[in-house]
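I set aside this session for a few look-ups in one model, and I note them here in the order in which I made them.

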Amino acid sequence: MSTVPLLRVLHLVKRFGGLAATDDASLDVQDGEIHALIGPNGAGKTTLIHQLSGALEPTSGTIWFGKQNITDLPMHARVHLGLVRSYQITSVFKRLSVLDNLALAVQAKSGSSLRFWQPARSERARYDAATAVAERVGLGAQLHRLAGALSHGEQRQLEVGLALALRPRLLLLDEPMAGMGPDESERMVALLHSLRGEATMLLVEHDMDAVFRLADRISTLVFGRVIATGTPAEIRENADVRRAYLGDEAEIGA
Amino acid sequence: ADHVKVGLMSTLSGPGAGLGIDIRDGFQLAMKHNGGKLGTLPAEVIVVDDQMSPDAAKQTAERLIKRDNVDFMTGVVFSNIMLAVAPAVFQSKTFYLSANAGPSQLAGAQCNPYFFSVSYQNDNMHEAVGKVVNDKGFKKVALLAPNYPAGKDALAGFKRYYKGEIVQEVYTPLSQLDYGAELSNLRASGADAVYIFLPGGLGINFIKQFVGAGLSKDMTLFGPGFSADEDVIRAVGEPMLGMFNSSQWGHDMDNAANKRFVADFQKEYGRLPTLYAAQGYDAAQLMNAAVRDVKGKIEDKQAVRKALKAAKFDSVRGNFKFNTNQFPIQDYYLRVIGKDSQGRITNKTLSTIFKDHGDAYAAQCKMPS
Amino acid sequence: MTALLEVDSMETAYGSSQVLFGVSFAIAEGEVATLLGRNGMGKTTTVRSLLGLTRARGGTVRFQGERIEALAPDRIARMGLAVVPEGRQIFPNLSVSENLRAFGANRNASSEPWTLDRVYALFPRLAERSRNMGNQLSGGEQQMLAIGRALMTNPHLLVLDEATEGLAPLIREEIWRCLATLRAQGQTILVIDKYVQRLVRLADRHTIIERGQVVWQGDSEQLGADPSLWQRYIGV
Amino acid sequence: MRKTDMNPSKSAPESSILDHGLHLRWSVPLLVLLALLPAIAHGLGEDFYIGVASRVLIFALAATSLNLILGFGGMVSFGHAAFVGIGAYTVGILMQSGIASAWIAWPAAFVLGGLFACVIGLISLRTQGVYFIMITLAFAQMLYYLMVSLKNYGGEDGMSLFTRSDLGMGLDLSSDTQFYFVVLVLFVLAFLAIQRLLNARFGHVLQGIRENEVRMAALGFPVFRYKLVAFTLAGAVAGLAGALLANQGSYVSPSTMQWSQSGMLLVMVILGGVGHLFGGLAGAAAFLLIEEGLVSYTIYWQMGLGAVLLAVVLLAPNGLMSLRAGKKERA
Amino acid sequence: MTGILILEQMLNGLQFGLMLFLLAAGLTLVFGIMDMINLAHGSLYMVGAYLIATIAAASGSFWLGLAGGIVATAAIGVLLEVTVLRRLYQRDHLAQVLGTFAILLMANEGVRMVWGSQPLQLNPPAVLAGPVELLPGFVYPAFRLFIIGVGLAVALLLYLLVTHTRVGMQVRAGASNREMALAMGTNVRRLFTALFALGAALCAVAGGMLGPLLAVQVGMGESILILAFVVIVIGGIGSIRGALLGALLVGVVDTAGRTLIPLLFGQLMGPAAASNAGPAVASILIYVLMAAVLFWKPQGLFPAHG
Ligand SMILES: Nc1ncnc2c1ncn2[C@@H]1O[C@H](COP(=O)(O)OP(=O)(O)OP(=O)(O)O)[C@@H](O)[C@H]1O
Ligand SMILES: Nc1ncnc2c1ncn2[C@@H]1O[C@H](COP(=O)(O)OP(=O)(O)OP(=O)(O)O)[C@@H](O)[C@H]1O
Ligand SMILES: [Mg+2]
Ligand SMILES: [Mg+2]
């Protein structure tokens, strides 16, 4: 592929004391693809996402978004470039309704919020957009319930909705399926499918079934290093990946 | 008028409350002695708390003046509070008889016909000690006061009469608790006398620590009367023994008014009176005399003022008269803390330091007659 | 076999919104039971009511023959109920080893109790990170810790609420193997998980909950034989 | 197809914590009452209470400004009295140098309050939670000790102001009644502005930050900047309150900036209702009136005040306003 | 300055720091570990000092007073916890501030009603009353040495209790996630009551140690409470080690500031200006220190969970 990758991670290192959670990791994500990132627990996937999103500062290495070096950009600036994340551990506004949650997200992307006078509630378009997102993630009937009163699985749906509402170019998804039942997982897979073409995705997920169905390419992270990148078929056959991560699961997904 | 109203606003809560309560108790003892009357008029005394906060004091004073329409006010302990309430008091032409606070501003440029001090001018006590230390021939003196206007004025007052060498002049933060560092420096300074002006709890802290550090053997400790009064003694105890201090009054002073005051105060409240109690008592007696002399016509402000100025009352401190700035001209005594005949630790009056002493600010006062 | 746990027409509400409408099921000593159902159907609420964390409004719960629905959660726990809660709930301000040691006990008087060493042997990853604070663990490591923490109390009844969430396939397999071993040793277990195929292989009995009510109960054979059940209530 | 929607009745909109109405049904009568208050007080021969009312409104203004950051932004500032003090000293120092015009002094107090808040916020807002509480306390203490040692401006003794600021327009602020109306107008204007702001986009962002700061950052909001703006605004309004306070009491002293004063403002807000639009007003009024009432009865008035505060904590989960608002707005 | 003076001043710094630590110790327990902002902590310190002074005066023995005061204060602590404070654990910090502020007001008035407004007397026991000679020419007050000893002992004890016992772990667990700690079988309620009693007892220890140096009077808790908060915030909340080091840092910086800054300013700007600026700077020094520490380390020097 000759085009500039949408995301390019070069020799990224993150140390926590003696532990190198990210250890000279390099990775490309092409525009338009769904790129899955798999690896054992504690391999450094979330840590990598943290660095990509700007929540953690890398010890060394660079991150490129398109042609821009974003290594030192603060989180909010990255969001405005279109680099958006969701959290592995649900982080929603518990005391706000589902609609208000999503409306806040929409607000982030629709002009300045240094507006002190116009009632925010009068922005119909914003609430419509939020409603649309809610429908999309399957919370259309829960608009007015407080996020804190949703069940775990529903909160996970909202978590993804918050990211979606920002109309991302690159969506960093940290275990979106975790905590979802088979039914909801299925719906999430469908949702992510439908986003193809709209957003590029870097997907961290332990649900191999979903990963193999969705991913165009898969990278495997072990001890903070990318040990293999390839198509699902290649990864499934990769002996190292099987040993470090997949075990028998490769068959199940097949 | 058919009765007279007095607003007694003092510090009755918080760390400074001990002083205010003594003023109040002294004042009320006098009222009892007078049968609840001032002169010929039945009197109502409204006691309120200034919370040791200028802001609250201001508010409270307004309430006394505007809502209760008091004829006289008294009671404030602390100078900063006095200064805060002064404008409102003067504006309303209410007579203020200070039972403690005597800030230099009100003795000098901002003196006012409605303000009378029945206590002292703030510098007086320090001047008196300055003179004693000078006269006793101490050559090297260290000074210590908190870093605020009254502290600076205090040491200035001391230096007005002390001419020897000052080896250290230390100002400590107002909220300081521990004087370990200062005591070490003090030991190193080789001073032979120390003068401290540390009001309330600060003084208690310092004296305890001073004695604990063993410095009392090497240097003599001096303070103004209020750093060595009965309230402080009660809190510190034995370590206070031998501390010299100055005062315009002592509970052992030999005059009839004082004997009655001290005896009845002990009977009534079960403790020895302090300077503040004596001042509260005198404030009431001066009010009493003035109302008596104008024959109850307290509406006539000129007459009342004249009667107040005349000060025809038996002060527990003996000699008492007003200067042109309506601050006292009186005697100041040297006291030392020792054990009395009953074995109590208390102040003993030793000698007279100043006779008929006024203050340094009277000259700046252009008092309208 | 006697019933270790008996839940009878349990009703639970959060404030004014009722979630459970008379849930009844029983778990026999040494049995592995499951609760199945879609998201938000009341599985976790059932668990919370068992543990006394959300008080049931009606119905009874018997544990080892004793009524526990009115007891304080810590009493219930000391009787030998331990949970791997949804969302891990690791103590962030305790190190890994402290998380494990703080509540260690031998509540089922096992002759071969779970110890720190055994937990570390099960999850070597935790041994490596033993001095890390709970909040410095990866999601999966936290999950392992939560499981280890529950095992360390050697409970009569072990409750796992989505304990495989966020675990890598290899570790997940490890957990299944471990549960099988536990079962073989006679440990009673209640599992909630989305990998229903696995549960069918592992568990003895299943209870399906739909909108706060039990809609189906049976053993693995029956469940395995009736795919329409899955379709209808679980969505697989 | 929706299976999770097991209880459709719950889909009806619940009142949101983001909405802060003016509750006109009782706020208008309240306003009318406040407007009539001088006349009533005068009629009863209790002119003194006009001054009390001014003071209540001034503290209500300060407390409302604190509530803006505390209740809506989740920033527990333990140094808010410093900004009140800055405003008061602005008036005092200007007056000492012969500038008595309110048109200069009050805006100056507003701007300086904001300026100091901005600088202090730049440093303090790096910290969170209790650390933020303590660092704001630290700055307030620094300012306090600075003023204590500035002998030119009275030091610990403070400055007595012999006149009130001059507003022109034929108004005589030395009249307690006229001063009261000026305070009332300023309070109402500031209050309305804050109400607008809270219901506007900015208010939603601010409250979003209070609810979940990390997530707000992940949504692309420059969180620090919004917090700083709110902190600055609150400082400015507190500065204005300080200017009015200096005029009301004709006195300025470091004690205005003491930590206990910051604590009192905090207590007022918590008492009234954290995150309730009317919390600052309710808290200031309750606190000062309870105090006013108790002080004249007993010197042990703090016992009574303590008992009332304790009762509120135990019985009204989120301050006095939550008693009125009932369960639906419970936190 | 001579060598001995420098040594002495360092000891002073250490001593002042440990003095603050004694008060901060109980605070760390209740605030740092149990995560409960307790403004009434200073009130317990005050009540402890008053009780010790009263019992000591009645019995004529400082040690009896100390022991009796500690027990009585712990009992008062339990009473307070059971009746009021336990209702506040689950509330947010603000409710805790308001509730404990109310208790602080009531405690002050209560003490005033019982003991009056006059300060009380509490003197060190005779053996510790005077100075001792540490080196030739270097005398130091015995009671201050005692404070240093007690402070270090308390620090060690707390450290062991909190970090090396299961009770300590359970307390920390209960504070961060009460529900989960319950679900693991800890009787959080009883544990917290016990811990609060310990905190109250430590308050009384502080009262007994500081009472002979400082005024025993109404309101004695408030000014020093702020300093105690400063200490544990600089050290990092929740960490005993941090509280101790924070205390020492504050003690040394404050002492050094008070001795060195006036000297330094004297040389830089002449005595008159120095006598103005010196104390002003000295009084804000520890606040500057705190602001600086938090600027560079927003979680304090030794964050407990980092
Ligand atoms: N703040 C921290 N301090 C120290 N170590 C940390 C910190 N955060 C993470 N780690 C360690 O870094 C390693 C990588 O963690 P990370 O959360 O990135 O893993 P992960 O790949 O996302 O795992 P999982 O699949 O379990 O979520 C882990 O071993 C973790 O314990
Ligand atoms: N704290 C709460 N307050 C109000 N409602 C709640 C609360 N917790 C859960 N609910 C509601 O109760 C219902 C059941 O929730 P529960 O968590 O028991 O479901 P679950 O079956 O465990 O789902 P999941 O598979 O998503 O974890 C849901 O509709 C949820 O929205
Ligand atoms: Mg992860
Ligand atoms: Mg659940």
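**An arginine in chain B**

I began with Arg317(B), which I found in the loop of chain B that runs between helix H12 (301-310) and strand S12 (321-322). I kept in mind throughout that this is a predicted model. Is Arg317(B) buried or exposed? I read a relative accessible area of 3% for Arg317(B), and because the cut-off for a buried residue is under 20%, I entered Arg317(B) as buried.

I then asked what the side chain of Arg317(B) reaches, and I found the backbone oxygen of Ser119(B) at 3.1 Å. Setting aside the neighbours within four places in sequence, I listed the residues in contact with Arg317(B): Val118(B) and Ser119(B), then Gln248(B), Trp249(B), Met253(B) and Asn255(B), and further along Asp282(B), Gln330(B) and Tyr333(B).

**Where chains A and D meet**

I turned next to the contact between chain A and chain D, to which chain A gives 46 residues and chain D gives 41 residues. The two chains bury about 3800 Å² between them, and I noted that 57% of this area lies on carbon and sulfur atoms. On the chain A side, the residues that lose the most area to chain D are Phe93(A), Arg95(A) and Phe116(A), which together make up 18% of what that side buries.

How many salt bridges link chain A and chain D? I counted four, and I looked up one between the side chains of Arg201(D) and Glu123(A), with a distance of 2.9 Å from N to O. For polar contacts between chain A and chain D, my count was 18 residue pairs, with both residues at pLDDT 80 or more.

I also checked which helices of chain A supply at least two residues each to the side that touches chain D, and these are helix H2 (75-81), helix H3 (98-109), helix H4 (124-136), helix H5 (152-164) and helix H6 (182-195). The largest share, five residues, comes from H3(A). By residue type, I recorded this side of chain A as 20 nonpolar, 13 polar and 13 charged residues.

**The magnesium site in chain C**

Last, I asked which protein donors the magnesium ion (ligand 4) has. I found Thr44(C), through OG1, and Glu86(C), through OE, lying 1.9 Å from the ion. The pair links distant parts of the chain, 42 residues apart: Thr44(C) is in helix H1 (residues 43-51) of chain C, whereas Glu86(C) is in the loop between strand S6 (81-84) and helix H3 (96-101) of chain C. I closed the entry by noting that both Thr44(C) and Glu86(C) are buried.

Methods. Residues numbered from 1 in each chain as written. Chains lettered and ligands numbered in written order. Predicted model: local features only at pLDDT ≥ 70, side-chain atom pairs only at ≥ 80, totals over all residues. Heavy atoms only, no water. Helix = DSSP H or I, 4+ residues; strand = E, 2+ residues; numbered from the N terminus. Buried < 20%, exposed > 50% of the residue type's maximum accessible area, 1.4 Å probe, protein only. Polar contact = N/O pair within 3.5 Å; in protein donor to acceptor, adjacent residues only side chain to side chain. Contact = heavy atoms within 4.5 Å. Buried area = accessible area lost by both parts, 1.4 Å probe. Nonpolar A, V, L, I, M, F, W, Y, C, P; charged D, E, K, R; others polar. Donors = N, O, S within 2.8 Å, 3.2 Å for Na, K, Ca; no water.
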